[in-house]
Amino acid sequence: FCQELSRIVTINLIYVIMKKNYLLNVLVLCCALFVCTIARAESDKDEPSNTKSEVAQANNDDLTKQVNKLLSILPKFSGYIQTGYNWGDKNGDNRSSFQLKRMRLIIDKKVSKTFDFRAQLECFSGSVDNSAYKKKVITVMDAFVNAHITDALHFRAGQYYLPLGFENYDISPSTLETVDFSNICYRMVCRNAISSADLIDYGRDLGVMAYGDLFKSRDQKFSYLSYQLSLTNGYLPTLNDDNKSKDFVGRITIRPVEKLRIIGCYNWGEYKGLNENGDAKDYLPMNRFITGAWYYDPNGLDVRAEYGHIQSDDANVKEDGFYVLAAYKIGKFLPVVRYDMYRDKAAKTSANNKDNFLLGCTYEIIKDVKFQVNYTISAYPDKVKDAGTRTGTGNSLQIMCLLKF
């Protein structure tokens, strides 16, 4: 009798969670628990102590199984919040402001041994409705399904981060050594220089991808070779393609030893925009290439370097970027230095052309909470100074706290 009542309690608990019909179910739960308690008390009178303990243990095991079963059907929620203070003119805006820089909510669900999915929402991305009003909106960053066939072959479909570079594919803001990414990530991956030159696409796109790991090491800890082959719209996230051409991205990762990775990434696509004569065209070709190397010891040395190049002769696009980063883990501290260079050879007087020198440190207060301080000096080429776009040097200070949950 008590077992049947326990089932009623469990079923109604699930009903409360899923249907939120609180009043009716709370009454049912209270009555069921009351009757179950009385029945258990009466039955306990006639049971020996050893039998009582065995029954109690069996009931606990049964309850644990029911709770685990309930948890298994629910998705896993995680994410992070990054907030703090920004001072300086790193972006030419003479900023002095408290910031809620990022707030991400991540939803993961393993459907079966073969299928799982992920959804990631950015809850504080900037948006401009008109020249007088700015607001914060919710943006869909990721929404994709994975199919795991073997270690050497997986498929992904939906909206996902493109396999271009280390920072866009292997690193997130929650694991980045600095507060901000390099210009290779921001200007050469998270932006299409033809169809959306002034819009950020977050390095995401809609499409399908095959990926996998080949040639496992003897201890099975890592693979000597990994690949990603992606076919996407080549336009802004969550939107339909604006032409019939599709983007191809291919990436190869070679890992000669466990802590060292070497990558080569190539992107080809045709985009809607203006050619070098200012004429509107639907299919302007553009290529992106990124290569780099990364030595990473989570308890010691962290050194990474990447070079990127974008070019389209028809649309007068030619950009180069390079950065090198070095950090070293000392207890809870991670001091870091980075040199970051970007050149837009089609817009040589733009203030985007600069060399950034960053000095920073991350302190892990407790697990999943870290405090970051970054100071950056920006130096501009002579052509930028001569044009009067920027004079002298720029500098900025960022103080951020990042909390993962």
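The predicted model holds zero disulfides. A disulfide is a covalent bond between the sulfur atoms of two cysteines. For C185, the closest cysteine sulfur is that of C190, at 4.0 Å, and this separation is too far for a bond. The cut-off applied to a pair of cysteine sulfur atoms is 2.5 Å, so the 4.0 Å between C185 and C190 does not qualify. C185 is buried, with a relative accessible area of 3%. C361, by contrast, has a relative accessibility of 27% and counts as partly exposed. Because buried is reserved for residues under 20% relative accessible area, C185 at 3% falls in that class, whereas C361 at 27% does not.

Antiparallel pairing was found between several successive strands. Strand β6 (204-216) pairs with β7 (223-232) in the antiparallel sense over nine bridges. Within this pair, D213 stands opposite S226 of β7. The two strands form a hairpin with six residues between them, and Q220 in the turn has a positive phi of about 65 degrees. On its other pairing, β7 is joined to β8 (247-257) by eight bridges, again with the strands running antiparallel. Here Q228 stands opposite R251 in β8. β7 thus takes part in pairings with β6 and with β8.

A second set of pairings involves β10, β11 and β12. Strand β10 comprises residues 280-296 and strand β11 residues 301-312; ten bridges join them, and they run antiparallel. Four residues lie between β10 and β11 in the hairpin that they form. β11 is also joined to β12 (residues 317-328), by twelve bridges and in the antiparallel sense. The hairpin of β11 and β12 likewise has four residues between the strands, and N316 there takes a positive phi near 55 degrees. R304 of β11 can be followed across both pairings: W294 has R304 as its bridge partner, and the bridge partner of R304 in β12 is L325.

Positive phi values were also found in loops. Most residues other than glycine have a negative phi. Y202 is not a glycine, yet has a positive phi of about 60 degrees. This residue, Y202, is placed in the loop between α5 (183-188) and β6. At 25% relative accessibility, Y202 counts as partly exposed. T238 is another residue other than glycine with a positive phi, near 70 degrees. The loop that holds T238 is the one between β7 and β8.

The backbone oxygen of Y202 is reached by the side chain of R204, at 3.1 Å. R204 is found in strand β6 and is buried, with a relative accessible area of 10%. The side chain of R204 also makes a polar contact with the side chain of D142, at 2.9 Å. The contacts of R204 therefore involve a side chain, that of D142, and a backbone atom, that of Y202, both within the 3.5 Å limit for a polar contact.

A buried charged residue was likewise examined in strand β3 (residues 115-130), where E122 is placed. The relative accessible area of E122 is 3%, and the residue is buried. The side chain of E122 makes a polar contact with the side chain of R104 at 2.6 Å. In addition, a polar atom of the E122 side chain lies 3.2 Å from the backbone nitrogen of M103.

The count of cavities of 30 Å³ or more comes to two. The largest cavity contains about 70 Å³ of space. R204 recurs here as one of its lining residues, together with L162, V189, N192, D201, D205, G234, Y235, D247 and R288. By residue class, the lining of the largest cavity divides into three nonpolar, two polar and five charged residues.

Definitions and conventions. Residues numbered from 1 in each chain as written. Predicted model: local features only at pLDDT ≥ 70, side-chain atom pairs only at ≥ 80, totals over all residues. Heavy atoms only, no water. Pairing = 2+ DSSP bridges. 1 Å grid on protein atoms, 1.4 Å probe; cavity = no way out; pocket = protein on both sides within 12 Å on 5 of 7 lines; lining within 4 Å. Points joined across faces, edges and corners; volume = space filled by probe spheres on them. Nonpolar A, V, L, I, M, F, W, Y, C, P; charged D, E, K, R; others polar. Buried < 20%, exposed > 50% of the residue type's maximum accessible area, 1.4 Å probe, protein only. Polar contact = N/O pair within 3.5 Å; in protein donor to acceptor, adjacent residues only side chain to side chain.
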